[in-house]
Amino acid sequence: MEKAVLINQTSVMSFRLTGLSTNPKVQMAIFFIFLIFYVLTLVGNILIVITIIHDHRLHTPMYFFLSNLSFIDVCHSTVTVPKMLSDTFSEEKLISFDDCVVQIFFLHLFACTEIFLLTVMAYDRYVAICKPLRYMTIMNWKVCMVLGGAMWTAGTIHSISFTSLTIKLPYCGPNELDSFFCDVPQVIELACTDTRITEILVVSNSGMISMVCFVIIVVSYAVILVSLRQQISDGKRKALSTCAAHLTVVTLFLGHCIFIYSRPAISLPEDKIVSAFFTAITPLLNPIIYTFRNEDMKSALKKLIRRKEGKEK
């Protein structure tokens, strides 16, 4: 009976996205910029995955998690950017209620899984640098598979819970989302009921996950830095470079999550800029940071290109 009442109250069949700008010239500039970013994101991250698969020297825990990160970045970017690009040429920028729910589900699946993955990668670097002699014993393939399965399971549970919160609320108008994609804070703001409990659940779930994981990662790198003090060598410099690259990605990614999900569902002017950076630019940083700054990846990529050129000849 209660379900029927909710269905009757939800009269909104679609949402109208405002996009990043209403100026046609600005929209066209945004289209080409984001198209370039998206193509580079796909090419760069897919190349990382292929390179890691083909080069047996990269079959280590670090690169196993890196391939997962590249896969997630491709999927995460694909959830929002193609829709935003197609909306550039649409006046109404509509998204159906069902499509909006699907977008929320996959957005949070990949985002939350990436948060847990970045935390696991920080632990992996901690073990590799602070306990090098026991690294392969602690981070054996069984442990890697368990950690990989756990982070995807946790991401799925989180996404299902968030999607359920959104579906259960009644929506009877207005239907304008001040964004270029569907996300929980913007959608529940349009619900025609008291959403304070839902907002508390959002902050306690996503906000808490982001904050706790960020603290764990920062503490991990603090311990690493202490252990590397007064031990500067080529190997240590390489380790510091890897950690600095990882911490850059973490700060940019989790910075968005903390900014968006650790406060009530209120739209701010900065939200669109932060979300645009989160969905289009951050996934591109992965191949840039891990490929151009990593000698092993550059060597493996060159080897893969030479092998392909040799086959063509």
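# A guided tour, from salt bridges to surface patches

Begin by selecting D194 and R196, whose side chains meet in a salt bridge with 2.7 Å from N to O. R196 itself is exposed, with a relative accessible area of 58%. Keep in mind throughout that the model on the screen is a predicted one, and that the count of salt bridges comes to five.

Next, select R125 together with D124, which form a salt bridge whose closest N and O atoms are 2.8 Å apart. Is this pair buried or exposed? R125 counts as buried because its relative accessibility is 13%, and D124, at 2% relative accessibility, counts as buried as well.

From there, move to K272 and D178, another salt-bridged pair, with the closest N and O atoms 3.1 Å apart. K272 belongs to helix α10 (residues 270–292), while D178 sits in the loop between β3 (176–177) and α7 (184–188), so this pair ties together parts that are 94 residues apart in sequence. The two partners are best coloured by accessibility: K272 counts as buried, at 19% relative accessibility, the cut-off for buried being under 20%, whereas D178 is partly exposed, with a relative accessible area of 37%.

Now zoom out and switch to a cartoon view of the protein, in which the secondary structure comes to 11 helices and three strands. Following the chain from the N terminus, you will pass the elements in the order α-β-α-α-β-α-α-α-β-α-α-α-α-α. The protein has 313 residues, and buried residues make up 47% of them.

With the cartoon still in place, turn to the interior and select F15 and Y171. Which residues of the largest nonpolar core touch the most other members? They are F15 and Y171, in a core that has 81 residues. Highlight helix α4 (residues 97–130) as well, since the largest share of this core, 18 residues, comes from that helix. As a general background to this view, nonpolar side chains tend to be buried together in soluble globular proteins.

Nonpolar side chains also appear on the outside of this model, and the next selection shows them: M28, F32, L35, V39, V43, L47 and F89 form a nonpolar surface patch, with about 600 Å² of accessible area together. Within this patch, centre the view on F89, which lies in the loop between α3 (61–87) and β2 (94–96). F89 counts as exposed because its relative accessible area is 57%, and the cut-off for exposed is over 50%.

Stay in this part of the chain and select K93, whose place is also in the loop between α3 and β2. What is there to note about the backbone of K93? Phi of K93 is near 55°, a positive value in a residue other than glycine. In contrast to F89, which is exposed, K93 is buried, with a relative accessible area of 10%.

For the last stop, select K302, K303, R306 and R307, which form a positive patch on the surface. Of these residues, R307 can be located in helix α11 (residues 295–312), where, at 34% relative accessibility, R307 counts as partly exposed. If you now display this positive patch alongside the nonpolar patch that includes F89, both surface features of the tour are in view, and the salt bridge of D194 and R196 can be added to return to the starting point.

Note on methods: Residues are numbered from 1 along each chain as its sequence is written. This is a predicted model: local features need pLDDT of at least 70, side-chain atom pairs count only at pLDDT 80 or more; totals for chains, interfaces and linings use all residues. Side-chain values use heavy atoms; hydrogens and water are left out. Patches are made of residues with over 30% relative accessible area and no salt bridge: like charges are joined within 9 Å, nonpolar side chains (Val, Leu, Ile, Met, Phe, Trp, Tyr) within 5 Å. Accessible areas come from the Shrake-Rupley method with a 1.4 Å probe; for residues, only the protein chains shown count as cover. A salt bridge is a side-chain nitrogen of Lys or Arg within 4 Å of a carboxyl oxygen of Asp or Glu. Lys and Arg count as positive and Asp and Glu as negative; His and the chain ends are not counted. The place of a charge is taken as NZ of Lys, CZ of Arg, CG of Asp or CD of Glu. Helices (H or I, at least four residues) and strands (E, at least two) are DSSP runs, numbered from the N terminus. Buried means under 20% relative accessible area, exposed over 50%, partly exposed in between (1.4 Å probe, protein chains only). A nonpolar core is a set of buried Ala, Val, Leu, Ile, Met, Phe, Trp, Tyr and Cys residues joined through side-chain atoms within 4.5 Å.
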